[in-house]
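Reader: I'd like to go through this one term by term. Can you tell me what lies behind each label you use?

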Amino acid sequence: MDVEKTSIYIWGLTCEGCALTVTRAVMALEGVESAEVTPDYEWANVIYDPKLTNPEEMARAIEAAGYGAEL
């Protein structure tokens, strides 16, 4: 399986709870293998299968969870 890695800037993260919410939102997408969200730096690093999802879908999931996302 081919995987890719992307980094997404997230704004609105204020705590570990926020990071967990974003992690869960991204991990719920089919094809996401791992997501590391760091509130101190406001970044999500995601490893995913590009045949099943893409960064735009991840950004929509983050925004649906109540945070801003920029690719």
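Author: What follows is a set of questions about labels, each answered with a value and a cut-off.

Author: This is a predicted model, where local features need pLDDT of at least 70, side-chain atom pairs count only at pLDDT 80 or more, and totals for chains, interfaces and linings use all residues. Residues are numbered from 1 along each chain as its sequence is written, and side-chain values use heavy atoms, with hydrogens and water left out.

Reader: What does the chain average in pLDDT?

Author: The average is 96, and 99% of the residues score at least 70; pLDDT is the predictor's confidence in each residue, from 0 to 100. Among the elements, strand β2 (residues 32–38) has the lowest mean, 96, and helix α2 (residues 55–64) the highest, 98. Helices (H or I, at least four residues) and strands (E, at least two) are DSSP runs, numbered from the N terminus.

Reader: Why is C15 in no disulfide?

Author: A disulfide is a pair of cysteine sulfur atoms within 2.5 Å. The structure holds zero of them. For C15, the nearest cysteine sulfur is that of C18, 3.5 Å away, so the pair misses the 2.5 Å cut-off.

Reader: And what makes C18 count as buried?

Author: Buried means under 20% relative accessible area, exposed over 50%, and partly exposed in between (1.4 Å probe, protein chains only). C18 has 9%, so it counts as buried. C15, with 35%, is partly exposed.

Reader: How do you know whether T23 and R24 are buried or exposed?

Author: T23 has a relative accessibility of 19%, so it counts as buried. R24 has 58%, so it is exposed. T23 sits in helix α1 (residues 16–27), and R24 lies in α1 too.

Reader: What does the side chain of T23 reach?

Author: It reaches the backbone oxygen of A19 at 2.8 Å. A polar contact is a pair of N or O atoms within 3.5 Å; within protein, one must be able to donate a hydrogen and the other to accept it, and residues adjacent in sequence count only if both atoms are side-chain atoms. Leaving aside neighbours within four places in sequence, T23 is in contact (heavy atoms within 4.5 Å) with A35 and V37.

Reader: Why do you say that β2 and β3 pair?

Author: Two strands pair if DSSP finds at least two bridges between them. Six bridges join β2 to β3, and the two run antiparallel. One partnership is that of V37 with A44 in β3. The two strands form a hairpin with four residues between them, and E42 in the turn has a positive phi of about 60°. Strand β1 (residues 4–11) also pairs with β3, antiparallel over six bridges, and there S7 has N45 as its bridge partner.

Reader: Which residues of strand β3 are on the covered face?

Author: In β3 (residues 43–48), A44, V46 and Y48 are on the covered face, while W43, N45 and I47 are on the uncovered one. In a regular strand the side chains alternate between the two faces of the sheet.

Reader: What makes you put the buried residues of α2 on the same side?

Author: The buried residues are P55, M58, A59, A61 and I62. They cover an arc of only 160° around the axis, which puts them on the same side of α2; the arc is that of the directions from the helix axis to the C-beta atoms. The face turned away carries the exposed residues R60 and A64. What covers the buried ones includes β1, α1, β3 and β4 (68–70).

Reader: What caps the N-terminal end of α2?

Author: N54 does, with a side-chain oxygen 3.0 Å from the backbone nitrogen of E56.
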